[in-house]
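Welcome! Here is a friendly tour for anyone meeting this structure for the first time. Take a look at the view below, then follow the topics one by one.

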Amino acid sequence: MLVSEALVVLHVDRTARSLLGSRAAPLEQAALPAVWPELAELIARHRDALEQGPLDLELPSPQGPLHLRLFRTDDGVGVGLLAQPAAEASADSRLQLFEGLLNTIQDAVLITLAEPTERPGPVIVYANETLLRDTGFSREQLLGRSPRLFQGPDTDPTVTADFGAALRRWDSPAMEVLNYDRAGNPYWIELKVAPLADSDGWFTHWVSVQRDVSDRRAGEQALAQQALCDPLTGLPNRRGLAERIEQALARLQRRPGLLALLFCDLDRFKEVNDRYGHATGDALLLEVTHRLQTVLRSHDTLARLGGDEFVVLVDTLASEDDAVQLAQRLQDSLVEPWCHGGEELSLSMSMGVAMCTHGRTSAEELMRRADLTMYQVKLAGRDGVAVYDADVDQAVQASVGLRQQLEQGLRHDRLLLHYQPIVNLEDGAILGAEALVRLQGADGALIPPDRFIPMAERTGLIVPMERWVVACAIDTLREWQRQGRPWRLSINVSPHHLEKGTLVQELLEQRERTGVDLAGLRIEVTETVLLREHAQAFHDLSALKQAGVCIALDDFGTGYSSLSWLSQLPVDIVKLDQSYIRQIGDDPRCATLIRGFVRVFKELGLVVVAEGIETEEQRQILLAMGCQVGQGYLFGRPTPLSDWTYAAADVSGWGCGGPSTRSCRAPG
């Protein structure tokens, strides 16, 4: 039976009701002095003594003396009704054996009453020696108290609430919870509880077995901390930073403000590692960490993502200008050179700043924006600060999308070849064609070559794309030769492809596969090839020349236009860039240049091809200058080969020479 400080009966359990019989009914929620004044007077007389521990007393009654045990509770006094005097019960050998057994167990054992399940809840009636030793409490200090005595400021209320709900369902719950000993020291326990029933099957007590798992929890926490921290600097790593950004965004949803993420990349860090070794590189990273921390406040977050990448998270800024000024102060902290081994190493960072004024942007998206902005600083020359720009982001996204379409085009056979005729300027008869690659998007629409070709060159995808072009063009050339059409077929080769040093072998393998005569092939290269890899270009172009391939110098006049290259390299054809042809009728100086080019090239034994001819006037001027071969919209746009029709032509005067024929057909 539980009685409040005001001597109001709070609860009468089943055992008490059984022993008291009809006398128990009026006790529930009654004032004890009114319904049982003798017991109320007994409690009042011994209340102070209960502070020292439980008291075993007798209370006279008409049915004989009642054997009582009075003890303090959190809310007042507990009254236990014993079936026999306490001295006789304590002398019971079975109880002594049971208690001795519990005291030998290494786990802590706690027994409480089963009722009440609602507040004030079950009270402690037994604790073994292990629990007393672990908590520092004496048995007298625990008896009659609620197990809530062990809870403290960091005990998770959600866990204890769920545990209490399970008790009210008469389940056998288990939990891991943070408890506190008598001195206020926290420790973790693994707790399992089971009900204890009497002979009638009624639950009378809860028996809990507790095991101290503080060491295991500490180990788990250390591992978790290790998983969230960079091992070199001790800063949060990518995962730890993501958690902090999520928390900051959640705060931003509750309270509007400004959050800034600064993505910082140490410039030229690889040079330090390469020259001095990784130990020096690590020392430099620690120095950078220290300098950045001197600028930041204690509640700001500095993280290291790995390598030379650092990220600063600040969520208490007043304006965007504050974020930029912070980035500048971080950069200023690196101005002083770092001394190592008697040498001074200059330090700088490229920084991208992304900001958010609400919590709806994801941590991943915020990181992406800051990273993208930092990369733009790198491209602009390093050692600077930039703020995220949605327009730049959109352009980058478009570029990424184009690259993906190019990759898918290579993977899913969405490349096409269109052919533009190369003609005799006198009569328009076809001498050959230039094979031009086209890319279909996923929707079937053609992507302009001035968009995807530069992307292919930047990403290195130009090489597999040109290998595909070579294979398809060789098949076309073989078919022409099988049909007796002696057209020449031109294909473009990028500097990247030629630098690989595999072009010659690829063409020889195609000749082996198809049996094609490579004398019908024209390889077009630009001056860029000659400037970047002169030795490799000379070797490969010479080898191609020996295999019968003609070499054309494309887009002449757009680069350095050094005539000295023409005397050194095995070039057969020079193609004048269309920018000259456009001006030929309007700019006398341009016309003079072209006239001089044609004369010089002819004296060198080279064939001149004019690109981009669009008008009859341009054709007539070029013929008057002595240029006899050209291509352009005047004669035909690049189209699939299936759109062509044919007419007679004489190819003997184009390129490396060859048989004359009148059996070909020209495009309509």
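Which residue in strand 2 is the bridge partner of Val3? The partner is Val9. Please keep in mind that this is a predicted model. From that small pairing, the tour moves on to two sheets, a pair of helices, two loop residues and the spaces inside the protein.

**The sheet with strands 1 to 5**

- The pairing of Val3 with Val9 belongs to the contact of strand 1, residues 2-4, with strand 2, and these two strands are joined in the antiparallel sense by two bridges.
- Strands 1 and 2 sit in an open sheet of five strands, whose order is 2-1-5-4-3 and whose pairing is antiparallel.
- At the edges you will find strand 2 (9-11) and strand 3 (55-59); each has a single partner strand, so one side of each has no neighbour in the sheet.
- On average, neighbouring strands of this sheet are turned by 35 degrees against each other, with direction ignored.
- Helix 3, made of residues 37-46, lies across strand 1, strand 3, strand 4 (66-72) and strand 5 (76-82).
- Relative to strand 3, helix 3 runs at about 150 degrees.

**The sheet with strands 6 to 10**

- Another open sheet, also of five strands, follows the order 7-6-10-9-8 with antiparallel pairing.
- Its edge strands are strand 7 and strand 8, and each of them pairs on one side only.
- From one strand to the next, the twist averages 30 degrees.
- Strand 6 and strand 10 run antiparallel and are joined by six bridges.
- To find a place where you can trace a pairing by eye, look for Ile111, which stands opposite Val207 in strand 10.
- Helix 8 lies across strand 8, strand 9 and strand 10, and its direction makes an angle of about 130 degrees with strand 8.
- Helix 9, residues 214-228, also lies across strand 8, strand 9 and strand 10, and runs at about 130 degrees to strand 9.

**Two loop residues to look for**

- Between Glu115 and Pro116 the peptide bond is cis, with omega near -5 degrees.
- Pro116 is in the loop that links strand 6 (108-113) with strand 7 (124-127).
- Trp170 is not a glycine, yet it has a positive phi of about 60 degrees.
- You can find Trp170 in the loop between helix 8 (157-168) and strand 8 (174-180).

**A pair of packed helices**

- Helix 14 (residues 363-379) packs against helix 15 (residues 390-411) at an angle of about 90 degrees, and their axes are 11 Å apart.
- The two helices, helix 14 and helix 15, are therefore roughly perpendicular to each other.
- On the helix 14 side the meeting residues are Arg368, Arg369, Leu372 and Gln376, while helix 15 brings Val392, Asp393, Val396 and Gln397.
- Sorted by class, this contact has three nonpolar, two polar and three charged residues.

**Cavities**

- Four cavities of 30 Å³ or more are present in the structure.
- The largest cavity has a volume of about 50 Å³.
- Its lining consists of Ala108, Leu131, Asp134, Thr135, Tyr187, Ile189, Gln210, Arg211 and Asp212.
- Helix 6 (129-135), strand 9 (186-197) and strand 10 (203-212) are the elements that give two or more residues to this lining.
- By class, the lining of the largest cavity has four nonpolar, two polar and three charged residues.

**The second largest pocket**

- The second largest pocket holds about 950 Å³ of space.
- Its lining has 31 residues, and those nearest the centre are Glu434, Leu436, Asn492, Asp554 and Asp555.
- Each of strand 19 (430-440), helix 16 (449-459), helix 17 (462-482), strand 22 (521-526) and strand 23 (550-556) supplies at least two lining residues to this pocket.
- Strand 19 provides the largest share of the lining, with five residues.
- The pocket lining is made up of twelve nonpolar, eight polar and eleven charged residues.

Key
Residues are numbered from 1 along each chain as its sequence is written. This is a predicted model: local features need pLDDT of at least 70, side-chain atom pairs count only at pLDDT 80 or more; totals for chains, interfaces and linings use all residues. Side-chain values use heavy atoms; hydrogens and water are left out. On a 1 Å grid over the protein atoms alone, a cavity is a set of points where a 1.4 Å probe fits but cannot get out, and a pocket is an open set with protein on both sides within 12 Å along at least five of seven lines; lining residues have an atom within 4 Å of a point. Grid points are joined across faces, edges and corners, and a volume is the space filled by probe spheres set on the points. Helices (H or I, at least four residues) and strands (E, at least two) are DSSP runs, numbered from the N terminus. Ala, Val, Leu, Ile, Met, Phe, Trp, Tyr, Cys and Pro count as nonpolar, Asp, Glu, Lys and Arg as charged, and the others, Gly among them, as polar. Two strands pair if DSSP finds at least two bridges between them. Axes are lines fitted to C-alpha atoms, for helices over the stretch in contact, and angles run from 0 to 180 degrees between N-to-C directions. Contact means heavy atoms within 4.5 Å. Angles under 35 degrees count as roughly parallel, over 145 as roughly antiparallel, 65 to 115 as roughly perpendicular and the rest as oblique.
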